[in-house]
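User: Please take a close look at one part of this model, the open sheet. Start with the overall make-up, then go into the sheet itself.

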Amino acid sequence: MSTWPPGHVIFFSLCVLFVPLAHATAAPALDISTELGIGGWVVPGTFTPLRVEVTAPEHVDGILEVDVPALGGDPPMRHLHAVRVTPGARQQIAFDVIISDPRRPLTLRVRSGRTLLAHREIPVGVQRTAEGVVAALTREAAGLEFLSESSRKLRPAYLGEDALPLRWQ
């Protein structure tokens, strides 16, 4: 009975394990940042601005999928937007969503064909909900604190010009 020296067996095993990995192509790394609501506040059942910014070190040509959960067992509302980012650049996508169930997160995915390039969940949370939002364009966050003492759940949103929604309803 002939046996291989132990070094040959180990070398052969390493070649089998690492050769397939050398041929795999990595998807470009994406960075996704988001802003949901007006000043961070969400009014359930009404149009809520969502701003998504995608940056990538390499060229990306794909689709942004945003799933917004519905109440009960209904399927989520899916929004699709084209994503085309050149190396080192960024793309900003702004649109409105209707948050029905703030207890469940929004799900964002960027795909190129069948390849998943990025995945992110955006928690909403009941603590970010209000019955109404009063927005003030100001450099200092002061003056609307009395709203939180009202019988309704009204919340102040102090916004700088860079945080204004791109579109207003």
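How many helices and strands does the secondary structure of the protein come to? And in which order do the strands of the open sheet stand?

Analyst: This is a predicted model. Its secondary structure consists of one helix and nine strands. Along the sequence the pattern reads α-β-β-β-β-β-β-β-β-β, with the helix ahead of the strands.

The open sheet is built from four strands, in the order 4-3-6-7, and the pairing is antiparallel. Strand 4 (77-85) and strand 7 (115-122) stand at its edges. Each of these two has a single partner strand, so one side of each is left without a neighbour in the sheet. On average, neighbouring strands here are turned by 20 degrees against each other, with direction ignored.

Within that order, strand 3 stands beside strand 6. Strand 3 covers residues 60-68 and strand 6 covers residues 106-112. The two run antiparallel and are joined by five bridges. For a specific pair to inspect, take V66, whose bridge partner in strand 6 is L108. In general, strands of a sheet pair through backbone hydrogen bonds, either parallel or antiparallel.

Some totals for the whole protein give the setting. Among contacts with a separation of 6 or more, 58% are between residues 24 or more positions apart. The protein has 169 residues, of which 34% count as buried. Its accessible surface comes to about 11000 Å², and carbon and sulfur atoms account for 58% of that area.

Technical notes:
Residues numbered from 1 in each chain as written. Predicted model: local features only at pLDDT ≥ 70, side-chain atom pairs only at ≥ 80, totals over all residues. Heavy atoms only, no water. Pairing = 2+ DSSP bridges. Axes fitted to C-alpha atoms, helices over the stretch in contact; angles between N-to-C directions. Buried < 20%, exposed > 50% of the residue type's maximum accessible area, 1.4 Å probe, protein only. Contact = heavy atoms within 4.5 Å. Areas by Shrake-Rupley, 256 points an atom, 1.4 Å probe, with all protein chains shown as cover.
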